[in-house]
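Here is a short walk through a model that you can follow on screen. Keep the viewer open and turn to each part as it comes up.

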There are 2 protein chains.
Amino acid sequence: MSETTISERFPGLYDRRARALARAITTIERGGTERDALIREVYGRRGNARIMGFTGPPGAGKSTLVDRFARLCRAADQTVGILAVDPTSPFTGGALLGDRIRMQELYTDPEVFIRSMATRGAMGGLARATRDAVDLLDAVGFDWVLVETVGVGQDEVDVVRTVDTVAVITLPGLGDEIQAIKAGIMEIADVFVINKADRPGVDRTRRDLESMLAMGGHRDWTPPIVQTVASQGEGLEELHEKVGEHRQHLADSGELDRRRFHQLRLRVETILKARVLEAADAEMGLETQLEEAFGAGDDPYTVADRLFEGVVRRQS
Amino acid sequence: MSETTISERFPGLYDRRARALARAITTIERGGTERDALIREVYGRRGNARIMGFTGPPGAGKSTLVDRFARLCRAADQTVGILAVDPTSPFTGGALLGDRIRMQELYTDPEVFIRSMATRGAMGGLARATRDAVDLLDAVGFDWVLVETVGVGQDEVDVVRTVDTVAVITLPGLGDEIQAIKAGIMEIADVFVINKADRPGVDRTRRDLESMLAMGGHRDWTPPIVQTVASQGEGLEELHEKVGEHRQHLADSGELDRRRFHQLRLRVETILKARVLEAADAEMGLETQLEEAFGAGDDPYTVADRLFEGVVRRQS
């Protein structure tokens with residue numbers, strides 16, 4: 001897809017028109033060659049956005065926090081793209097994104113773009129689509145890209161790894177057991193936010209976080225702990241400041257490049273996996289091969305090697 | 001590796017000698033061609049073990065429950081292999097497996113084999129190694145294979161998907177927010193266990209679970225909720241019974257075959273990914289390619305396609 005084609009296919013994309021952006025992200029979610037071409041086209045324009053992730057359990061007030069953070073950016077005349085990422089499940093459904101509806105005020109601002117993204121069932125598919133969407137929003141010139149996701153597991157860890165600065169949101173009164181559940185999320189935090197900090201138990205939560213940080217060993221960057229009451233707008237300036245300091249640290253230490261290199265590696269690995277599966281399917285029929293192998297009791301290493309050889313044979 | 005070679009390499013493996021089993025699992029963790037050959041060799045002998053997973057948050061009493069469950073099996077003269085799987089992190093470390101040490105009694109029983117497995121950093125590596133180890137324990141003739149893991153995220157979901165029956169352990173007094181955190185784990189439960197059911201809040205937890213189950217929509221199998229006090233041995237017989245009923249349901253409904261087919265698919269996909277990455281590395285030097293691409297600002301789709309073509313070219 002050439003630049004002309006992109007402009008024809010998604011009119012107003014580079015002017016950040018909501019309709020064009022929405023259709024482009026749908027193309028990203030759908031996958032396939034049109035997605036590949038879109039990302040190839042916009043990729044070279046990336047690199048100016050500050051990319052930030054917000055994660056934490058349901059009820060932590062992430063949407064309100066992101067809302068307030070976005071308003072702060074807008075007050076400084078910076079444009080904001082928001083991706084609200086939800087791992088769809090029969091139990092949580094899209095309900096976790098219900099909060100988004102409340103952000104009426106932001107929806108009317110043409111320089112704020114908000115989009116929900118949900119799992120389409122494919123393993124790692126959501127993380128890949130989110131990474132692509134972040135690239136798109138960066139490329140079309142948003143000053144900030146905010147990725148909001150509910151912290152439930154590996155898929156969300158993969159999602160937030162696509163950002164430069166990760167804010168982990170927690171609440172007063174969550175005890176040791178809860179913190180341990182979230183261990184996988186904790187270790188990727190660049191900034192901790194104790195939201196709803198007007199509630200009892202805030203000191204206890206702060207101590208828990210501090211002792212966990214002490215257990216985590218030495219790091220170049222010690223994640224600051226910021227207390228907020230997002231619904232009142234309290235603590236947002238401090239959060240903004242700490243995010244700025246982290247961004248500076250990333251640049252100074254070379255960590256920004258390391259993170260982005262790591263992201264490239266993960267993305268390339270995921271795409272390579274998809275390519276080999278697609279090729280195996282086109283050549284031999286993946287489903288048929290798996291069914292025959294299952295019936296014959298073949299072990300997975302033998303099956304994988306057979307498919308891999310089939311792919312290579314086809315191409316030669 | 002022929003059967004003779006296996007017997008020479010791991011003397012006493014098929015007699016379930018602990019030393020041989022431990023060395024074989026180390027071979028599985030290490031990966032490579034020796035692992036492939038081992039699994040190829042033992043794979044045909046699988047199929048008799050009942051394979052069960054126990055997952056839940058730290059502090060839920062999983063180890064004690066598994067301990068008691070294993071004793072019940074032993075009382076019926078059934079042999080038991082236990083895999084305690086821990087997602088290593090700077091925050092949780094190996095600490096989650098500390099409980100295992102307490103299981104002194106079981107350690108002295110030659111027909112109980114216990115092994116800890118921890119993440120080696122590789123994405124999906126732990127799930128793959130666990131699946132292979134389950135095959136091994138099944139193949140050498142254990143009547144039960146119990147997989148115990150801490151429920152923190154996708155990696156653990158992948159781990160428990162390797163089993164036939166998943167018991168999700170929870171505690172009285174964990175509120176809505178906590179349940180939501182564990183949503184990803186909840187939906188894979190075949191049996192719910194409320195452990196420490198002598199504590200206050202057990203009715204509330206049961207109601208929470210029931211309403212979550214109602215939200216989850218119709219399924220062929222409605223996961224029963226079993227209350228236990230594992231430290232006192234209470235409720236274990238009921239758990240054993242429910243697990244038996246679930247096993248019967250799996251067989252009658254054809255679900256057992258569907259699950260095992262799904263497991264084969266996941267394993268083949270993971271191995272195929274590893275194969276293509278290995279081949280790309282051998283042919284072009286994966287690290288060098290990634291570094292050059294990063295320096296040049298190449299997009300991940302272009303990089304992946306270049307590597308894929310390189311792999312195919314080499315093999316032809």
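## The sheet of chain A

In what order do the seven strands of the open sheet in chain A lie? The order is β3-β2-β4-β1-β5-β6-β7, and the pairing is parallel. Two strands pair if DSSP finds at least two bridges between them. Helices (H or I, at least four residues) and strands (E, at least two) are DSSP runs, numbered from the N terminus. At the edges of the sheet sit β3 (112–118) and β7 (225–227) of chain A, each of which pairs on one side only. From one strand to the next, the twist averages 20°.

Inside the sheet, strand β1 (residues 50–56) of chain A runs parallel to strand β4 (residues 144–150) of chain A, and seven bridges join them. If you would like one pair to find, A:Gly53 has A:Val147 as its bridge partner in β4(A). Helix α6 (residues 125–139) of chain A lies across β1, β2 (80–86), β3 and β4 of chain A, and runs at about 175° to β2(A).

## How to read the model

This is a predicted model, in which local features need pLDDT of at least 70 and side-chain atom pairs count only at pLDDT 80 or more, while totals for chains, interfaces and linings use all residues. Residues are numbered from 1 along each chain as its sequence is written, chains are lettered from A and ligands numbered from 1 in the order in which they are written, and side-chain values use heavy atoms, with hydrogens and water left out.

## Chain A as a whole

The secondary structure of chain A comes to 14 helices and seven strands. Of its 316 residues, 59% count as buried, meaning under 20% relative accessible area (exposed is over 50%, partly exposed in between; 1.4 Å probe, protein chains only). Among the contacts in chain A with a separation of 6 or more, 74% come from residues 24 or more positions apart. Contact here means heavy atoms within 4.5 Å.

## A residue to look up: A:Leu307

A:Leu307 is found in helix α14 (residues 300–315) of chain A. Is A:Leu307 buried or exposed? A:Leu307 is buried, because its relative accessible area is 0%.

Leaving aside residues up to four places away in sequence, A:Leu307 touches A:Ala280, A:Met284, A:Leu286 and A:Gln289, as well as B:Val268 and B:Leu272 of the other chain letter. The C-alpha atoms of A:Leu307 and A:Gln289 are separated by 8.1 Å, with their positions 18 residues apart along the chain.

## Strand β4 of chain B

Now move to chain B, where seven of the seven residues of strand β4 (residues 144–150) are buried. In a regular strand the side chains alternate between the two faces of the sheet. On one side of β4(B) are B:Trp144, B:Leu146, B:Glu148 and B:Val150, on the other B:Val145, B:Val147 and B:Thr149, and all are buried.

Strand β1 (residues 50–56) of chain B runs parallel to β4(B) and is joined to it by seven bridges, with B:Val147 as the partner of B:Gly53. Strand β2 (residues 80–86) of chain B pairs with β4(B) in the parallel sense over six bridges, and B:Gly81 has B:Val145 as its partner.

Notes. Axes are lines fitted to C-alpha atoms, for helices over the stretch in contact, and angles run from 0 to 180 degrees between N-to-C directions.
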